[in-house]
Amino acid sequence: MIDTLHGLMDATRAQDNERFVGYLAEDIEYHYHVGSPPVRGTAGVRRFLEKYRTIADEVIWRIDRWAEGESCLFVEGYEEYLDKRTGDRVAHPYMGILEFKDGKVAKWRDYFEMNNKVAQG
């Protein structure tokens with residue numbers, strides 16, 4: 001399962017949406033932020049990625065800790081990017097839970113705080 005996440009990360013760095021969604025179940029349910037409605041299906045994830053790419057540039061995505069259990073991957077890490085709209089660098093630690101079905105990500109939940117600006121110095 002961790003290899004699948006590394007593939008997703010590589011696809012993100014390459015901005016390859018088709019390769020990214022290739023790791024997902026057709027009926028994926030992606031909760032990208034607590035309190036926001038989930039993105040459903042690979043078509044929904046494609047739209048999400050297209051919007052994300054208009055906002056985020058110079059993305060840093062790091063895994064600090066991970067654990068696998070049965071069909072779940074638990075990940076703790078860090079994301080940072082340049083917000084193209086404002087020019088600010090935004091960063092946040094995150095926790096993610098990915099549930100797998102038939103070798104693909106079927107459910108994905110991310111937990112993080114939004115809009116943490118990186119101190120410029």
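The following legends describe close-up views of a predicted model.

**View 1. The open sheet has six strands in the order 2-1-6-5-4-3.** Pairing within this sheet is mixed. Its edges are formed by strand 2 (39-40) and strand 3 (56-69), each of which pairs on one side only. Helix 1 (residues 2-13) packs on the sheet and touches strand 1, strand 3, strand 4, strand 5 and strand 6. The direction of helix 1 makes about 180° with that of strand 3. Helix 3 (residues 41-55) lies across strand 1, strand 2, strand 3 and strand 4, and runs at about 55° to strand 1.

**View 2. Strand 1 pairs with strand 2 in the antiparallel sense and with strand 6 in the parallel sense.** Two bridges connect strand 1 to strand 2, with Tyr 30 having Val 39 of strand 2 as its bridge partner. The pairing of strand 1 (residues 24-31) with strand 6 (residues 104-112) extends over four bridges. Here Leu 24 has Val 105 of strand 6 as its bridge partner.

**View 3. Ile 28 is a buried residue of strand 1.** The relative accessible area of Ile 28 is 0%, which is why this residue counts as buried. Leaving out residues up to four places away in sequence, Ile 28 touches Val 39, Arg 40, Gly 41, Thr 42 and Val 45, and also Val 105, Ala 106, Lys 107 and Trp 108. Among these contacts, Val 39 belongs to strand 2 and Val 105 to strand 6. Between Ile 28 and Thr 12 the C-alpha to C-alpha distance is 17 Å, at a separation of 16 residues in sequence.

**View 4. Thr 12 is a buried residue of helix 1.** Its relative accessibility is 11%, so Thr 12 counts as buried. Apart from neighbours within four places in sequence, Thr 12 is in contact with Phe 20, Arg 53 and Trp 61.

**View 5. Gln 15 has a positive phi in the loop between helix 1 and helix 2.** The phi of Gln 15 is about 55°, although this residue is not a glycine. Helix 2 comprises residues 17-21. Gln 15 counts as partly exposed because its relative accessibility is 47%.

**View 6. Strand 3 and strand 4 form a hairpin with two residues between them.** The two strands run antiparallel and are joined by 11 bridges. Ala 56 stands opposite Asp 83 of strand 4. In the turn, Glu 70 has a positive phi of about 50°, a value found here in a residue other than glycine. Glu 70 counts as exposed because its relative accessibility is 81%.

**View 7. Strand 4 pairs with strand 5 in the antiparallel sense over 11 bridges.** Strand 4 is mostly covered, with nine of its 12 residues buried. The bridge partner of Glu 80 in strand 5 is Ala 91. Five residues separate strand 4 from strand 5 in their hairpin, where Gly 87 takes a positive phi near 85°.

**View 8. Glu 79 of strand 4 is buried and has no salt bridge.** Strand 4 spans residues 72-83. The nearest side chain of opposite charge to Glu 79 is that of Arg 53, 8.6 Å away. The side chain of Glu 79 instead makes polar contacts with the side chains of Tyr 52, at 2.6 Å, and of His 92, at 2.8 Å. Beyond neighbours within four places in sequence, the residues in contact with Glu 79 are Tyr 52, Val 59, Ile 60, Val 90, Ala 91, His 92 and Tyr 94. One of these, Ala 91, is the bridge partner of Glu 80. Arg 53, named above as the nearest opposite charge to Glu 79, is also one of the residues in contact with Thr 12 of View 4.

**View 9. Strand 5 and strand 6 run antiparallel and are joined by eight bridges.** Strand 5 covers residues 89-101. Across this pairing, Glu 99 stands opposite Lys 107 of strand 6. Lys 107 is also among the residues touched by Ile 28 of View 3. The hairpin of strand 5 and strand 6 has two residues between the strands, and Asp 102 takes a positive phi near 55° there.

Technical notes: Residues numbered from 1 in each chain as written. Predicted model: local features only at pLDDT ≥ 70, side-chain atom pairs only at ≥ 80, totals over all residues. Heavy atoms only, no water. Buried < 20%, exposed > 50% of the residue type's maximum accessible area, 1.4 Å probe, protein only. Lys, Arg positive; Asp, Glu negative; His and termini not counted. Salt bridge = Lys/Arg side-chain N within 4 Å of Asp/Glu carboxyl O. Polar contact = N/O pair within 3.5 Å; in protein donor to acceptor, adjacent residues only side chain to side chain. Contact = heavy atoms within 4.5 Å. Pairing = 2+ DSSP bridges. Axes fitted to C-alpha atoms, helices over the stretch in contact; angles between N-to-C directions.
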